[in-house]
Amino acid sequence: MTALPQQVAKKLGLVIDLDTCVGCHACATSCKQWNDTGHSAPLTDYDPYGASPDGVWFNRVHTYEVSDQGHSRTVNFPRSCLHCDNAPCVTVCPTGASFKRAEDGIVLVDPDLCIGCKLCSWACPYGAREFDEVEGVMKKCTLCVDRIYNANLPEASRVPACVAACPTGARSFGDLGDPNSGVSQLVKQRGGFALMPEMACAPVNRYLPPRPRAAPSAPPLTPRVAGFDSALLRWVDRLLGG
Amino acid sequence: MQPAYSVIFFTTAAGAGYGLLFILVLNATAVAIPLRPVLLLSGLTLAGLLVTAGLLSSTLHLGHPERAWRAFSQWRSSWLSREGVLAVVVYPVALGWAWLVWSATGRSLTFNLLSLLLALLAALTVYATGQIYASLKAVPAWHRASVPTNYLLLALMSGAQLMHALQLGLSPRPAASAALVPASIALAALGKAWYWWRIDRAPPPSTLGSATGLGAFGTVSVLTQPHTEENYLQREMGFVLARKHAWKLRVLAALGMFVVPLLAYLAGGLSCTVLGALAMAVGLFIERWLFFAQAKHRVMLFYGGLP
């Protein structure tokens, strides 16, 4: 059914800290590794050892420069499915392949129902869905649905692969529908925000803003090229054509 | 957005087919016009061919065309599904209508009701096609009411042109519905001009700063892309046509869709009308190609694209 559930019991999602993300892409590669054998397997690669390798990924890490009055900083920005409450990718699906689970709010694709019309990827403003050209079906982040409930894994490992892999703890997983959950508290403390609220998709995932930097204490360095104070150096400079 | 030829062919051919069907069945209910079964049945055949070829073509871009039947299930939420259901419902109604024409029952109440139902279904199917695009908030150039309006007007225009050619082909007498040709061309030209005017002046929907939420901390620019090679998103949604080409193509589309068919109509005669129809087909193809090629998807903001 592509109608969205009236109510979800849980809003499982991710909180991504843009302050501590170092842009190592470990989340993206570990996602690729886990999901290549998971719910939406395989994550097909095209021309993997050729001149222009490409393939299906659920997580893409962008890197931006944010400049403010001469001071700039690098912000790494992982982008994946936000498991929206009001997911447009679900309602446009003509077959019922794209659905949102009532029990935990995870948005999934049933690969046996998908006809590969790609309309869901057009409907998503976040670019969360990537079409598998070989399998002919749409693929997307499953929030590691085959990990988080997996009784065969030690309890500490029952988190999405991207969360488990992050070396700086920039990714947190939990129930964002419960105001007392760790992730909800984190969002509250750090002023976590939703992406593109104007799209009214009501995304579940939240991003934590970079922390303000302390004002630089020392004046900026001045380059030491202005002039040479010794006659010898001035002569060498002329000799070298400077 | 990447213009898929199968979808361009589908929307233009099926649009013309449904437009022809719409005019044909309304023509059949008009008391002032004598019923001409030969015209009605040949028109229905032409419309059926165009619609069927279009629908078959639309399945070509699917990853799993053999599962296309599943698309009839989600009509409660999906415009694509609604379009599919409507397109299928048209067939039995059209066959029933054809049977009434064939058995020459005249303008009975059943015939008139069936004609009106068929006209409504044809219009709704084209409207549903337009709504597939208009419902996508992520593509600002498509998310507007003028999109389904344009689909309807262009379908009506191409249908009127086909109807006119058909009537001239079957008898040299001037037909009452001929006036629909210049009228529908004028309406469609106004609609398209309005659409182009509006999308050119639409404010940029968001910026990289607002999309990432980082705008609050300064000016945001792309430092490194997340991957070295083009991915699905960039191929499918990063297709953007250079503005100068867009203008040349718009002029070509307008010449083909509106100017040449109008001149052909004024010149009169069957051969000119067929020529006008061919020019219209080429013009519509360019128009539909531009409809895709000029539409920018919001996801490209993350890659430093859009405004």
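This is a short talk on a predicted model of two chains, A and B, and on how some of their strands, helices and loops are arranged.

I will begin where the chains meet. The contact draws 51 residues from chain A and 44 residues from chain B. On the chain A side, the elements giving two or more residues are β4 (60–68), β5 (71–79), α2 (88–91), α3 (119–123) and β8 (130–132). The largest share there, nine residues, belongs to β4(A). Sorted by class, that side of chain A has 30 nonpolar, 13 polar and eight charged residues.

Now stay with β4(A), and ask which strands sit beside it in the sheet. The order is β5(A)-β4(A)-β1(B), an open sheet of three strands with antiparallel pairing. Here β5 of chain A and β1 of chain B stand at the edges, and each has a single partner strand, so one side of each is left without a neighbour in the sheet. From one strand to the next, the twist averages 35°.

As a reminder, strands of a sheet pair through backbone hydrogen bonds, either parallel or antiparallel. Between β4(A) and β5(A) there are nine bridges, and the two run antiparallel. For one position to look at, find Y64(A), which stands opposite V75(A) in β5(A). Across the chain boundary, five bridges join β4(A) to β1(B), residues 219–224, again antiparallel. There, E65(A) has S221(B) as its bridge partner.

Another place where the chains touch is a loop. G63(B) sits in the loop between α2 (37–58) and α3 (79–102) of chain B. Setting aside its neighbours within four places in sequence, G63(B) is in contact with I115(A), G116(A), G136(A) and V137(A). Is G63(B) buried or exposed? It counts as partly exposed, because it has 18 C-beta neighbours inside 10 Å, and buried would take 20 or more. For a sense of distance within chain B, the C-alpha atoms of G63(B) and D200(B) are separated by 34 Å, with their positions 137 residues apart along the chain.

D200(B) takes us to the next item, since helix α6 of chain B covers residues 180–201. This helix has 22 residues and reaches 31 Å from its first C-alpha to its last, close to the 32 Å expected at 1.5 Å a residue. Its buried residues are L180(B), V181(B), S184(B), I185(B), A188(B), K192(B) and W196(B). Why do they lie on the same side of α6(B)? They cover an arc of only 115° around the axis, and that puts them on one side. The spacing in the list fits a general rule: an α-helix has 3.6 residues a turn, so residues three or four places apart point the same way. The cover over these buried residues includes α1 (5–29), α5 (146–170), α9 (243–267) and α10 (270–293) of chain B. On the face turned away from the buried side, you will find the exposed residues L190(B), W197(B), R198(B) and R201(B).

Back to chain A, for a second sheet. It is open, has three strands in the order β10-β1-β11, and its pairing is mixed. At the edges stand β10 (171–175) and β11 (206–208), each with a single partner strand, so one side of each lacks a neighbour in the sheet. Neighbouring strands here are turned by 25° against each other on average, direction ignored. Strand β1(A), residues 12–17, pairs with β10(A) in the antiparallel sense over five bridges. In that pair, V15(A) has S172(A) as its bridge partner. Helix α6 of chain A, residues 182–190, packs on this sheet and touches β1, β10 and β11, and its direction makes about 120° with that of β10(A).

How many residues of β10(A) are buried? Five of its five are, so to speak, under cover. Compare α7(A), residues 231–239, where the count of buried residues among nine is zero. After α7(A) comes G241(A), with a positive phi near 85°.

Last, H83(A), in the loop between β5 and α2 of chain A. H83(A) counts as buried, with 27 C-beta neighbours inside 10 Å. Beyond its neighbours within four places in sequence, its contacts are G13(A), G105(A), I106(A), V107(A), L143(A), V204(A) and N205(A). H83(A) and L176(A) are 93 residues apart in sequence, yet 11 Å apart in space, C-alpha to C-alpha.

Note on methods:
Residues numbered from 1 in each chain as written. Chains lettered and ligands numbered in written order. Predicted model: local features only at pLDDT ≥ 70, side-chain atom pairs only at ≥ 80, totals over all residues. Contact = placed C-beta atoms within 7 Å. Helix = DSSP H or I, 4+ residues; strand = E, 2+ residues; numbered from the N terminus. Nonpolar A, V, L, I, M, F, W, Y, C, P; charged D, E, K, R; others polar. Pairing = 2+ DSSP bridges. Expected span 1.5 Å × (residues − 1). Buried ≥ 20, exposed ≤ 12 C-beta atoms within 10 Å, placed from the backbone. Arc of directions from axis to C-beta. Axes fitted to C-alpha atoms, helices over the stretch in contact; angles between N-to-C directions.
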